[in-house]
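Here are a few exercises to work through with the model open on your screen. Try each task yourself before you read the solution.

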Amino acid sequence: MHTSGLLAVGQEHPIALFFTGRQHAGENLADVLQQRAAELSTPIQMSDAQTANVPGEFATLWANCLTHARRGFVDVAADFPEECTRVLEALREVYRVDAVARKEGLTPAQRLARHQRESRPVLDALKAWLEEQVTQRKVEPNSGLGQAIAYLRKHWEELTLFLREEGAPLDNNVCERALKKVILHRKNALFYQTLNGAHVGDVFMSLIHTVELCEGNPFNYLVALLRHPEALAQAPDEWMPWNYQQALAAADAPPSGT
(Lines give C-alpha, C1' and ligand atoms only; values in the text may rest on other atoms or scores of the structure.)
Protein backbone atom coordinates (compact mmCIF):
# COMPACT_ATOMS: atom_id res chain seq x y z
CA MET A 1 0.00 0.00 0.00
CA HIS A 2 1.19 3.49 -0.87
CA THR A 3 0.14 6.90 0.43
CA SER A 4 0.84 9.87 -1.81
CA GLY A 5 -0.27 13.45 -2.14
CA LEU A 6 -0.76 15.81 -5.07
CA LEU A 7 -0.89 19.56 -4.75
CA ALA A 8 -2.52 21.47 -7.59
CA VAL A 9 -2.06 25.23 -7.80
CA GLY A 10 -4.62 26.92 -10.02
CA GLN A 11 -5.17 30.54 -10.87
CA GLU A 12 -6.96 31.31 -7.62
CA HIS A 13 -6.46 28.61 -5.00
CA PRO A 14 -4.46 25.47 -4.14
CA ILE A 15 -6.03 22.02 -3.90
CA ALA A 16 -4.51 19.08 -2.02
CA LEU A 17 -5.38 15.51 -3.01
CA PHE A 18 -4.38 12.41 -1.04
CA PHE A 19 -4.40 8.84 -2.31
CA THR A 20 -4.05 5.54 -0.44
CA GLY A 21 -3.73 2.32 -2.41
CA ARG A 22 -1.43 0.21 -4.54
CA GLN A 23 -0.79 2.86 -7.17
CA HIS A 24 2.29 5.07 -7.42
CA ALA A 25 2.15 8.86 -7.65
CA GLY A 26 2.22 8.89 -11.46
CA GLU A 27 -0.75 6.51 -11.65
CA ASN A 28 -2.69 8.67 -9.20
CA LEU A 29 -1.91 11.73 -11.28
CA ALA A 30 -3.11 9.90 -14.40
CA ASP A 31 -6.46 9.26 -12.69
CA VAL A 32 -6.80 12.99 -12.03
CA LEU A 33 -5.78 14.01 -15.54
CA GLN A 34 -8.28 11.55 -17.02
CA GLN A 35 -11.05 13.71 -15.58
CA ARG A 36 -9.52 16.96 -16.84
CA ALA A 37 -11.14 18.76 -19.77
CA ALA A 38 -9.29 17.83 -22.96
CA GLU A 39 -9.42 21.36 -24.36
CA LEU A 40 -7.35 22.78 -21.50
CA SER A 41 -3.70 23.54 -22.10
CA THR A 42 -1.08 20.97 -21.12
CA PRO A 43 -0.51 21.19 -17.34
CA ILE A 44 2.87 21.75 -15.72
CA GLN A 45 3.93 18.89 -13.46
CA MET A 46 6.59 19.46 -10.80
CA SER A 47 8.24 16.53 -9.05
CA ASP A 48 11.58 14.87 -8.56
CA ALA A 49 13.02 12.88 -11.47
CA GLN A 50 11.68 9.42 -10.54
CA THR A 51 9.87 7.82 -13.48
CA ALA A 52 7.16 6.58 -11.09
CA ASN A 53 5.90 10.18 -11.09
CA VAL A 54 5.14 10.13 -14.84
CA PRO A 55 1.36 9.88 -15.53
CA GLY A 56 1.58 7.30 -18.30
CA GLU A 57 -0.04 8.32 -21.58
CA PHE A 58 -1.12 11.75 -20.34
CA ALA A 59 1.05 14.61 -21.54
CA THR A 60 2.45 17.08 -19.05
CA LEU A 61 5.17 19.70 -19.11
CA TRP A 62 7.44 17.91 -16.68
CA ALA A 63 9.59 20.10 -14.45
CA ASN A 64 12.09 18.61 -12.03
CA CYS A 65 12.86 20.02 -8.61
CA LEU A 66 15.89 22.29 -8.57
CA THR A 67 16.21 21.81 -4.81
CA HIS A 68 16.83 18.08 -5.34
CA ALA A 69 19.62 18.84 -7.79
CA ARG A 70 21.10 21.47 -5.47
CA ARG A 71 21.09 19.05 -2.54
CA GLY A 72 23.55 16.77 -4.28
CA PHE A 73 26.16 19.54 -4.21
CA VAL A 74 25.35 20.63 -0.67
CA ASP A 75 25.97 17.08 0.55
CA VAL A 76 29.53 16.96 -0.86
CA ALA A 77 30.48 20.63 -0.40
CA ALA A 78 32.93 19.81 2.38
CA ASP A 79 34.89 17.49 0.07
CA PHE A 80 34.70 19.65 -3.07
CA PRO A 81 34.34 23.21 -1.77
CA GLU A 82 35.51 25.09 -4.88
CA GLU A 83 33.43 23.15 -7.39
CA CYS A 84 30.30 23.07 -5.23
CA THR A 85 30.55 26.78 -4.49
CA ARG A 86 30.58 27.41 -8.24
CA VAL A 87 27.29 25.55 -8.69
CA LEU A 88 25.59 26.78 -5.53
CA GLU A 89 26.32 30.43 -6.28
CA ALA A 90 24.81 30.05 -9.75
CA LEU A 91 21.66 28.49 -8.33
CA ARG A 92 21.51 31.16 -5.64
CA GLU A 93 21.38 33.80 -8.37
CA VAL A 94 18.46 32.00 -10.01
CA TYR A 95 16.55 31.95 -6.72
CA ARG A 96 17.36 35.62 -6.19
CA VAL A 97 15.81 36.47 -9.54
CA ASP A 98 12.72 34.45 -8.67
CA ALA A 99 12.40 36.11 -5.27
CA VAL A 100 12.58 39.56 -6.87
CA ALA A 101 9.93 38.58 -9.41
CA ARG A 102 7.68 37.38 -6.61
CA LYS A 103 8.28 40.52 -4.52
CA GLU A 104 7.46 42.76 -7.48
CA GLY A 105 4.29 40.79 -8.21
CA LEU A 106 5.26 40.02 -11.79
CA THR A 107 2.83 38.18 -14.03
CA PRO A 108 3.88 34.72 -15.27
CA ALA A 109 4.89 36.27 -18.61
CA GLN A 110 6.93 39.00 -16.92
CA ARG A 111 8.56 36.45 -14.61
CA LEU A 112 9.51 34.30 -17.60
CA ALA A 113 11.04 37.31 -19.36
CA ARG A 114 13.01 38.20 -16.21
CA HIS A 115 14.41 34.68 -15.90
CA GLN A 116 15.30 34.58 -19.60
CA ARG A 117 17.09 37.89 -19.29
CA GLU A 118 18.89 37.35 -15.97
CA SER A 119 18.92 33.64 -15.12
CA ARG A 120 19.56 32.15 -18.56
CA PRO A 121 23.10 33.62 -18.95
CA VAL A 122 24.01 32.31 -15.50
CA LEU A 123 22.71 28.84 -16.29
CA ASP A 124 24.24 28.77 -19.74
CA ALA A 125 27.61 29.44 -18.16
CA LEU A 126 26.97 26.78 -15.54
CA LYS A 127 26.02 24.23 -18.18
CA ALA A 128 29.22 24.93 -20.11
CA TRP A 129 31.23 24.50 -16.91
CA LEU A 130 29.50 21.17 -16.16
CA GLU A 131 30.30 19.93 -19.66
CA GLU A 132 33.91 20.92 -19.19
CA GLN A 133 34.22 18.96 -15.95
CA VAL A 134 33.07 15.81 -17.72
CA THR A 135 34.62 16.11 -21.18
CA GLN A 136 38.01 17.13 -19.79
CA ARG A 137 37.80 14.50 -17.05
CA LYS A 138 38.25 16.97 -14.24
CA VAL A 139 35.93 14.99 -11.99
CA GLU A 140 35.75 11.31 -11.09
CA PRO A 141 32.32 10.07 -12.34
CA ASN A 142 31.75 7.79 -9.34
CA SER A 143 32.60 10.46 -6.76
CA GLY A 144 29.92 12.40 -4.91
CA LEU A 145 30.64 15.43 -7.07
CA GLY A 146 30.58 13.35 -10.25
CA GLN A 147 27.19 11.91 -9.37
CA ALA A 148 25.78 15.36 -8.52
CA ILE A 149 27.01 16.72 -11.85
CA ALA A 150 25.60 13.70 -13.71
CA TYR A 151 22.16 14.23 -12.18
CA LEU A 152 22.15 17.92 -13.06
CA ARG A 153 23.25 17.26 -16.65
CA LYS A 154 20.86 14.34 -17.19
CA HIS A 155 17.79 16.30 -16.08
CA TRP A 156 18.87 19.73 -17.32
CA GLU A 157 15.84 20.31 -19.56
CA GLU A 158 13.34 19.40 -16.84
CA LEU A 159 15.26 21.37 -14.19
CA THR A 160 15.22 24.54 -16.32
CA LEU A 161 11.63 24.45 -17.61
CA PHE A 162 11.06 27.82 -15.90
CA LEU A 163 13.26 29.36 -18.62
CA ARG A 164 10.78 28.27 -21.32
CA GLU A 165 7.29 28.04 -19.81
CA GLU A 166 5.23 30.67 -18.03
CA GLY A 167 4.44 29.73 -14.46
CA ALA A 168 6.84 26.80 -14.21
CA PRO A 169 8.15 26.60 -10.62
CA LEU A 170 11.77 26.22 -9.62
CA ASP A 171 11.24 23.44 -7.13
CA ASN A 172 8.83 21.17 -5.35
CA ASN A 173 9.18 22.86 -1.96
CA VAL A 174 5.46 23.55 -1.60
CA CYS A 175 4.85 19.78 -1.70
CA GLU A 176 7.85 19.06 0.49
CA ARG A 177 6.17 21.17 3.19
CA ALA A 178 3.07 19.00 2.85
CA LEU A 179 4.99 15.78 3.50
CA LYS A 180 4.07 15.90 7.19
CA LYS A 181 0.45 15.56 6.15
CA VAL A 182 1.32 12.61 3.92
CA ILE A 183 3.10 10.91 6.82
CA LEU A 184 0.16 11.59 9.15
CA HIS A 185 -2.25 10.25 6.56
CA ARG A 186 -0.11 7.15 6.08
CA LYS A 187 -0.24 6.47 9.82
CA ASN A 188 -4.02 6.82 9.77
CA ALA A 189 -4.15 4.42 6.82
CA LEU A 190 -2.87 1.62 9.07
CA PHE A 191 -6.35 1.45 10.59
CA TYR A 192 -8.34 1.29 7.33
CA GLN A 193 -9.92 -2.13 6.91
CA THR A 194 -10.98 -1.73 3.28
CA LEU A 195 -9.99 0.30 0.21
CA ASN A 196 -13.32 2.10 0.45
CA GLY A 197 -12.45 3.13 4.00
CA ALA A 198 -9.11 4.38 2.73
CA HIS A 199 -10.91 6.38 0.02
CA VAL A 200 -13.11 8.05 2.64
CA GLY A 201 -9.98 8.94 4.60
CA ASP A 202 -8.41 10.35 1.43
CA VAL A 203 -11.42 12.60 0.86
CA PHE A 204 -11.37 13.96 4.39
CA MET A 205 -7.62 14.55 4.44
CA SER A 206 -7.85 16.26 1.04
CA LEU A 207 -10.56 18.58 2.34
CA ILE A 208 -8.75 19.28 5.60
CA HIS A 209 -5.42 20.20 4.06
CA THR A 210 -7.02 22.19 1.24
CA VAL A 211 -8.80 24.30 3.87
CA GLU A 212 -5.47 24.85 5.62
CA LEU A 213 -3.83 25.88 2.34
CA CYS A 214 -6.70 28.35 1.85
CA GLU A 215 -5.95 29.71 5.35
CA GLY A 216 -9.23 28.45 6.80
CA ASN A 217 -10.21 26.38 9.84
CA PRO A 218 -10.78 22.69 8.93
CA PHE A 219 -12.98 22.01 11.98
CA ASN A 220 -15.28 24.93 11.22
CA TYR A 221 -15.45 23.90 7.58
CA LEU A 222 -16.44 20.29 8.29
CA VAL A 223 -19.02 21.43 10.84
CA ALA A 224 -20.52 23.76 8.23
CA LEU A 225 -20.82 20.86 5.76
CA LEU A 226 -22.51 18.64 8.35
CA ARG A 227 -24.99 21.33 9.33
CA HIS A 228 -26.09 22.09 5.77
CA PRO A 229 -26.32 18.75 3.91
CA GLU A 230 -29.24 19.80 1.68
CA ALA A 231 -27.61 23.03 0.52
CA LEU A 232 -24.36 21.14 -0.04
CA ALA A 233 -26.10 18.49 -2.15
CA GLN A 234 -27.86 21.13 -4.27
CA ALA A 235 -24.77 23.23 -5.00
CA PRO A 236 -21.53 21.45 -4.00
CA ASP A 237 -19.43 23.92 -6.02
CA GLU A 238 -20.52 26.67 -3.63
CA TRP A 239 -19.23 24.77 -0.60
CA MET A 240 -15.59 24.35 -1.53
CA PRO A 241 -12.87 25.16 1.04
CA TRP A 242 -12.08 28.47 -0.69
CA ASN A 243 -15.62 29.83 -1.11
CA TYR A 244 -17.95 28.17 1.42
CA GLN A 245 -18.11 31.23 3.66
CA GLN A 246 -20.49 32.98 1.26
CA ALA A 247 -22.79 29.95 1.06
CA LEU A 248 -22.65 29.53 4.83
CA ALA A 249 -23.61 33.14 5.40
CA ALA A 250 -26.54 32.82 3.02
CA ALA A 251 -27.70 29.55 4.61
CA ASP A 252 -27.54 30.97 8.16
CA ALA A 253 -29.18 34.28 7.26
CA PRO A 254 -32.66 34.77 8.79
CA PRO A 255 -35.56 34.51 6.34
CA SER A 256 -36.49 37.81 4.73
CA GLY A 257 -39.38 39.61 6.36
CA THR A 258 -38.67 38.33 9.85
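**Exercise 1. Get an overview: what percentage of the 258 residues counts as buried?**

Solution. Keep in mind that this is a predicted model.

- Step 1: 36% of the protein's 258 residues count as buried.
- Step 2: Now look at the outside. The protein exposes about 15700 Å², and carbon and sulfur atoms supply 53% of that area.
- Step 3: For the overall dimensions, the C-alpha atoms fill a box of roughly 80 × 45 × 35 Å along the principal axes.
- Step 4: Count the elements, and you get 12 helices and 4 strands.
- Step 5: Take the contacts with a separation of 6 or more; 54% of them come from residues 24 or more positions apart.

**Exercise 2. Find the residues that touch the most other members of the largest nonpolar core.**

Solution.

- Step 1: The general idea is that nonpolar side chains tend to be buried together in soluble globular proteins.
- Step 2: Here the largest nonpolar core has 29 residues, and the ones touching the most other members are Phe-73, Val-87, Leu-123, Leu-126, Leu-130, Leu-152 and Phe-162.
- Step 3: Next, ask which elements give two or more residues to this core: they are α2 (66-75), α3 (81-103), α4 (108-135), α5 (144-154) and α6 (156-159). The largest share, 6 residues, belongs to α3.
- Step 4: Zoom in on Phe-73. Skip its neighbours within four places in sequence, and Phe-73 is in contact with Cys-84, Val-87, Leu-88, Leu-145, Ala-148, Ile-149 and Leu-152.
- Step 5: Don't stop there, as a second, separate core holds 9 residues, including Val-211, Tyr-221, Leu-222 and Leu-225.

**Exercise 3. Work out why the buried residues of α5 line one face of the helix.**

Solution.

- Step 1: List the buried residues in α5: Leu-145, Gly-146, Ala-148, Ile-149 and Leu-152.
- Step 2: Look down the axis of α5. Its buried residues fall within an arc of 165 degrees, so they line one face of the helix.
- Step 3: The spacing rule helps here: an α-helix has 3.6 residues a turn, so residues three or four places apart point the same way.
- Step 4: Check what this face meets. The buried residues of α5 pack against α2, α3, α4 and α6.

**Exercise 4. Place Arg-137 and Glu-215, and decide whether each is buried or exposed.**

Solution.

- Step 1: As background, most residues other than glycine have a negative phi.
- Step 2: Arg-137 isn't a glycine, yet its phi is positive, near 55 degrees. You'll find Arg-137 in the loop between α4 and α5. Its relative accessible area is 75%, so Arg-137 is exposed.
- Step 3: Glu-215 also has a positive phi, about 60 degrees, without being a glycine. It sits in the loop between α9 (195-213) and α10 (218-227). At 76% relative accessible area, Glu-215 is exposed.

**Exercise 5. Decide whether Thr-20 and Thr-67 are buried or exposed, then look at their partners.**

Solution.

- Step 1: The cut-off you need for buried is under 20% relative accessible area.
- Step 2: Thr-20, in strand β2 (residues 14-21), has 12% relative accessibility, so it counts as buried. Its side chain makes a polar contact of 2.9 Å with the side chain of Asp-202.
- Step 3: Thr-67 belongs to helix α2. With a relative accessible area of 16%, Thr-67 is buried too. Leaving out residues up to four places away in sequence, Thr-67 touches Tyr-95, Asp-171 and Asn-173.

Definitions and conventions:
Residues numbered from 1 in each chain as written. Predicted model: local features only at pLDDT ≥ 70, side-chain atom pairs only at ≥ 80, totals over all residues. Heavy atoms only, no water. Core = buried A, V, L, I, M, F, W, Y, C linked by side-chain atoms within 4.5 Å. Buried < 20%, exposed > 50% of the residue type's maximum accessible area, 1.4 Å probe, protein only. Contact = heavy atoms within 4.5 Å. Arc of directions from axis to C-beta. Polar contact = N/O pair within 3.5 Å; in protein donor to acceptor, adjacent residues only side chain to side chain. Areas by Shrake-Rupley, 256 points an atom, 1.4 Å probe, with all protein chains shown as cover.
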